Structure formats: C-alpha cells, structure tokens
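Here is a short tour of one protein structure. Take a look at the model first, then read on.

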Amino acid sequence: MTEKEKMLSGRLYDPGDQELTALRRRARTLYHRFNQTDPGDREELAAILAELVPGLGPDSWLQPPVRLDYGCFLRFGRNSSANYNFTALDCGPITVGDNVLFGPNCTLAAPLHPLCPEQRTQTRPDGSVWQPEYSRPIVIGNDCWLAANVTVCGGVTIGEGCVIAAGSVVTRDIPAHSLAAGVPCRVLRSITDQDRMAME
C-alpha cells in the first residue's frame with residue numbers, strides 16, 4: 001500500500017513521501033499563481049482553479065487568496081463559494097455540498113497526529129526524522145453557511161441546512177438544520193420556518 005493510499009484510507013502515513021510531496025508542491029505552485037493573478041482576469045483565475053480543484057462543481061468559486069494541501073481531494077457541489085483566506089488541508093477526502101457558503105478565514109482540517117507523544121516523531125532507516133499523520137474525512141451537506149473564522153476538524157459531518165456561527169471550532173458532527181456555535185461548537189437550536197425573513 002502506498003503512502004497516498006494509507007493517507008486516504010485513514011491510516012498512519014509518512015507525509016514526506018515523494019509522491020505526496022510532489023502533489024503538495026504542485027498545489028502550492030497552482031494556488032500561488034491563483035492568488036497572484038489579477039482579480040479582473042476571471043478567465044485565467046477560472047482556468048487555474050479548475051486545475052487546482054478538479055472536483056469543483058458548476059458555478060462554485062473560491063475567492064483568492066486560498067491555501068490547499070492537495071486540492072485534488074477536495075470536492076465542491078454546485079453553486080458553493082468560499083470567501084477570502086479559505087484553507088483546506090485535504091489529506092483526507094473533503095466533500096462540500098451544493099449551495100454552501102464559507103465566510104472569510106474558514107479552515108477545513110482533515111489531518112490528525114497520534115495522541116501518544118512517542119508516536120508523533122519517527123526515524124526512517126536513513127536516519128531522517130518524520131512526523132506520522134492520519135486523516136479523517138470532512139463532509140458538509142447542502143445549503144450550509146459557515147460564517148467567518150470557522151474551523152472544521154477531521155472526522156466531522158455537518159448536516160444539510162446548518163448555520164455555523166463565526167469563530168466556531170467544529171469537533172463533532174452537527175445534525176441537519178441546526179444553528180450551532182462555540183468552541184467547541186455546540187448545537188444551539190434547530191432552524192425552523194420561524195427564522196424565515198421577508199423577501200421583497
């Protein structure tokens with residue numbers, strides 16, 4: 001089993017692996033180009049973004065600047081968007097549904113490290129040191145809004161129709177149609193028809 005296969009299956013893996021290092025370098029080159037491109041050059045931005053995130057759905061968009069570990073393990077549905085400074089550490093699969101909104105400075109962080117300190121630093125046969133990681137997938141359902149500065153940790157599923165308040169750190173699953181907030185993030189209440197606003 002390759003280190004990439006281990007990574008995507010949630011096993012401990014070596015992030016210094018040559019294949020993974022090359023994929024991260026490619027992503028960094030692409031997002032650097034994306035972040036430096038003239039904001040008015042929508043065609044060039046779209047071309048770079050399509051290469052960086054091949055799983056970006058129709059009418060979805062990431063507002064520069066962005067930072068992604070790989071990009072190729074990130075999936076967006078239709079008509080979803082992220083504001084400035086979106087970060088996705090997609091060493092595990094990250095799936096974002098349709099019509100999802102991210103405020104500025106949101107982070108989706110799939111990687112984890114062992115809890116036992118003696119497992120966090122290992123030595124290769126050549127004497128070089130490495131830090132084992134493992135990942136857990138992140139799933140964000142359709143029609144969610146994650147406000148500014150929200151962090152979602154690996155292994156979390158956020159159900160459809162949720163609102164996650166600004167500054168929250170989501171460490172556990174959030175059921176569908178919930179208003180949730182805090183550090184750690186907790187469900188405050190369900191979102192109901194009483195929350196509807198007049199559309200003029």
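## The five-stranded sheet

In this predicted model, T151 has V169 in β18 as its bridge partner. T151 belongs to a strand named β15, which covers residues 151–153. β15 and β18 run parallel to each other and are joined over two bridges.

These two strands are part of something wider. Five strands make an open sheet, in the order β2-β5-β8-β15-β18. The pairing is parallel. At the edges stand β2 (66–68) and β18 (169–170), and each of them pairs on one side only.

## The four-stranded sheet

Another open sheet has four strands, ordered β3-β6-β13-β16. Its pairing is parallel too. β3 (74–76) and β16 (157–158) are the edge strands. Each has a single partner strand, so one side of each has no neighbour in the sheet.

Look at the β16 edge. Strand β13, residues 138–140, pairs with β16 in the parallel sense. Two bridges hold this pairing. Here I140 is opposite I158 of β16.

## A hairpin

Next come β19 and β20. In which sense do strands β19 and β20 pair, parallel or antiparallel? They are antiparallel, with four bridges between β19 (residues 178–181) and β20 (residues 186–190). A180 stands opposite V187, a residue of β20.

The two strands form a hairpin, and four residues separate β19 from β20. The turn includes G182. G182 has a positive phi of about 110 degrees.

## Helix α2

α2 is a helix of 19 residues. From its first C-alpha to its last, α2 spans 27 Å. That is close to the 27 Å expected at 1.5 Å a residue. At the start of α2 sits a polar contact: a side-chain oxygen of D17 comes within 3.1 Å of the backbone nitrogen of E19.

Which residues of α2 are buried? They are L20, R24, A27, L30, Y31 and F34. These residues lie on the same side of α2, because they cover an arc of only 130 degrees around the axis. The other side of α2 has exposed residues: Q18, R25 and Q36.

What do the buried residues of α2 pack against? Their partners are α1, α3 (42–52), β1 (61–62) and β2. Strand β2 is also an edge strand of the five-stranded sheet.

## A buried serine

S135 is a residue of strand β12, which covers residues 134–135. Is S135 buried or exposed? Its relative accessibility is 3%, so S135 counts as buried.

The side chain of S135 has a polar partner. One of its polar atoms lies 2.8 Å from the backbone oxygen of M7. Leaving aside residues up to four places away in sequence, S135 touches M7, G10, C91, G92, A110 and P111. So M7 appears both as a polar partner and in the contact list of S135.

## Salt bridges

How many salt bridges does a search of the whole structure find? It finds seven. One of them links R124 and D14, with the closest N and O atoms 2.9 Å apart. R124 is in the loop between β10 (122–123) and β11 (129–130), while D14 is in the loop between α1 (3–8) and α2 (18–36). The pair therefore ties together parts that are 110 residues apart in sequence. R124 is partly exposed, at a relative accessible area of 22%. D14 has 12% relative accessibility and counts as buried.

Two further salt bridges involve other residues. D195 and R189 meet through their side chains, at 2.9 Å from N to O. D195 is partly exposed at 31% relative accessible area. R189 is also partly exposed, at 39%. Then there is R196, which forms a salt bridge with D193. The closest N and O atoms of R196 and D193 are 3.1 Å apart. R196 is exposed, with 66% relative accessible area. D193 is exposed as well, at 58%.

Definitions and conventions: Residues numbered from 1 in each chain as written. Predicted model: local features only at pLDDT ≥ 70, side-chain atom pairs only at ≥ 80, totals over all residues. Heavy atoms only, no water. Pairing = 2+ DSSP bridges. Salt bridge = Lys/Arg side-chain N within 4 Å of Asp/Glu carboxyl O. Buried < 20%, exposed > 50% of the residue type's maximum accessible area, 1.4 Å probe, protein only. Expected span 1.5 Å × (residues − 1). Arc of directions from axis to C-beta. Contact = heavy atoms within 4.5 Å. Polar contact = N/O pair within 3.5 Å; in protein donor to acceptor, adjacent residues only side chain to side chain.
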